[in-house]
Amino acid sequence: MKIHNTLTQQLEELIPLEGNRVRIYTCGPTVYNFAHIGNFRAYIFEDLLRRAIKRFGYELTQVMNLTDVDDKTIAGALKAGVPLNTFTATFKSAFFDDLKTLNIEPAEHYPAATDHIPAMIGMIQSLLDKKHAYQSDDGSIYFSVASFPSYGKLAHLDMAGMRPGARVQHDEYEKENVADFALWKAWDEKDGAVAWDAPWGRGRPGWHIECSAMATQYLGESFDLHTGGVDNIFPHHEDEIAQSESASGKPYVRYWMHCAHLVVDGRKMSKSLGNFYTLRDILSRGFTGRETRYVLMAGHYRQSLNFSFDALTAARSALQRLDEFQDRLVGVAKNANIEQSTLNVQHSTGSNSHPSLDVRCSMLTVECSNSLLLPDWADAARVKFDAGLADDLNISESLAALFDMVHAGNRAMDAKALKGEQAAAVRSLLASFDLVLGVLEKPREEIPDGALKLLELRQEARKAKNWAESDRVRDELAAQGWLIQDTPQGAKLKRK
RNA sequence: GGCGCGGUAGCCAAGUGGUAAGGCGGAGGUCUGCAAAACCUCUAUUCAUCGGUUCAAAUCCGAUCCGCGCCUCCA
């Protein structure tokens, strides 16, 4: 599997530092508000990466941090008049709800910053001891960029050529160098009750230190992969490298991956611009998490994605086509009396399941036992699907493989050239694709008895060639939101 | 000013030297009592513009135009 490394600006083969396990740190949300779809673009990119890594046979440990102490969370808690942890708890919980809605697989660890203050203090102390950090007059601790010669290597910035701009805050006059960044912020009135005691004084951690400290605790001083949005490259990730490598004396991360921004109407979407949609906004307009996931996933992660409601509508159509195809496969398999259990051997159901090793193995076994049954076009799709993923998550190629397969499969079924066992094998292949895509599972639709009765009524009317009655019943069902789909195999109901 | 990304059909989007994937939309067709749904077929002689290299360029080189991001706490 090849991935684009921000550090080297090149495609590189992903090779874990230790054994078969990929250790990955993904920058998570600051829990001061509902996350917006731009945030979720990043989390879905990370989810796709995670699932692809697993598909290629690696084991994986993923950490996603929750930033629950910073200027914004403190300000939010103050405004709401509640303690910090009460304030952030709401948004932590909302975040996990949203992950479920988007069928994002849970990471192995979700450390919150406020639960790891001692680890941060330890790392800062080590940096002070090694003279990589200093205390300013107000008591804050700063990292000295001058003490880390390769500063700027990730963002490819030449610090010597950088000029102090107007954005440098007035209150940063205490720093030795404008590029120096806070490891620890001395307590300030605005912080209210939010403070911890450190050997050098009371205060709270700076932003970057939490990621370094928690990554080290859960993944070690050196690990494989670190991801985030492009806007994190500088200064956040650059600073993480500086402080982590200065503290440990070891290389911090081997591969860095960053996803491009999502834009709305061609403009950067950000909380500060206020032109953002939360997942809840999308849902309230009648779109589903599944459709949203499709849109956010379907573009290459290093390409900026222009979000639109038209794209959601297009995703709905594409997903319906995939659903039809699956239903059709099941129909063909059933006609050949392929056992239901074979058809159901499949993927992670729902967002909570960890496709554990067991599930994977059984999945692979099924795929193996079925692979001999796969028609050539399906096997070609499998090869192309994997080739796309292995090429720096070229999801477009993988999706093209999927749709090629749908097309070829429909043609084969039109020609009655697909045997029941083959249909079941193709269905299994789809299920294995969905271990990565997470969008193929059709939400189960319970059809109420009333609707089924009406459908029967219509069938009787049609048998009797009573077209007026048949059409009346059809209209009645339509009024209830049901579409009748007359197929050679009989009439089916479908939600409009 | 520095660094970086991008401009491919109505829309979205792959393709980094060998003659334009895929999705949505649209147009025809099949099926059907009629419809709908579904499926099938078709839908870019051309890749921002202009030059150059090459047997061969969307792909390489140069120039130009346009859009976007980062350059201190925003995924």
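How many helices and strands does chain A have? I counted 16 helices and 16 strands in chain A, taking helices as DSSP runs of H or I with at least four residues and strands as E runs of at least two, numbered from the N terminus.

Notes to self on the model: it is predicted, local features need pLDDT of at least 70, side-chain atom pairs count only at pLDDT 80 or more, and totals for chains, interfaces and linings use all residues. Residues are numbered from 1 along each chain as its sequence is written, while chains are lettered from A and ligands numbered from 1 in the order in which they are written.

Next I looked up domains. An automatic or database assignment splits chain A into domain 1 (2–279), domain 2 (308–437) and domain 3 (449–495). Where domains 1 and 2 touch, I found 17 residues from domain 1 and 13 from domain 2; contact means C-beta atoms, placed from the backbone, within 7 Å. On the domain 1 side, β1 (2–5), α1 (37–55) and α3 (84–101) each give two or more residues, and α1 has the largest share, six residues.

Then I turned to helix α2 (residues 71–80). I found Thr73, Ile74, Gly76 and Ala77 buried there, that is, with 20 or more other C-beta atoms within 10 Å of their own, again placed from the backbone. Viewed down the axis of α2, these residues fall within an arc of 160°, so they line one face of the helix; the arc is taken over directions from the helix axis to the C-beta atoms. They pack against α3. Just after α2 I noted Gly81, with a positive phi near 70°.

Conventions: Two residues are in contact if their C-beta atoms, placed from the backbone, lie within 7 Å. A residue is buried if 20 or more other C-beta atoms lie within 10 Å of its own, exposed if 12 or fewer, and partly exposed in between; C-beta atoms are placed from the backbone.
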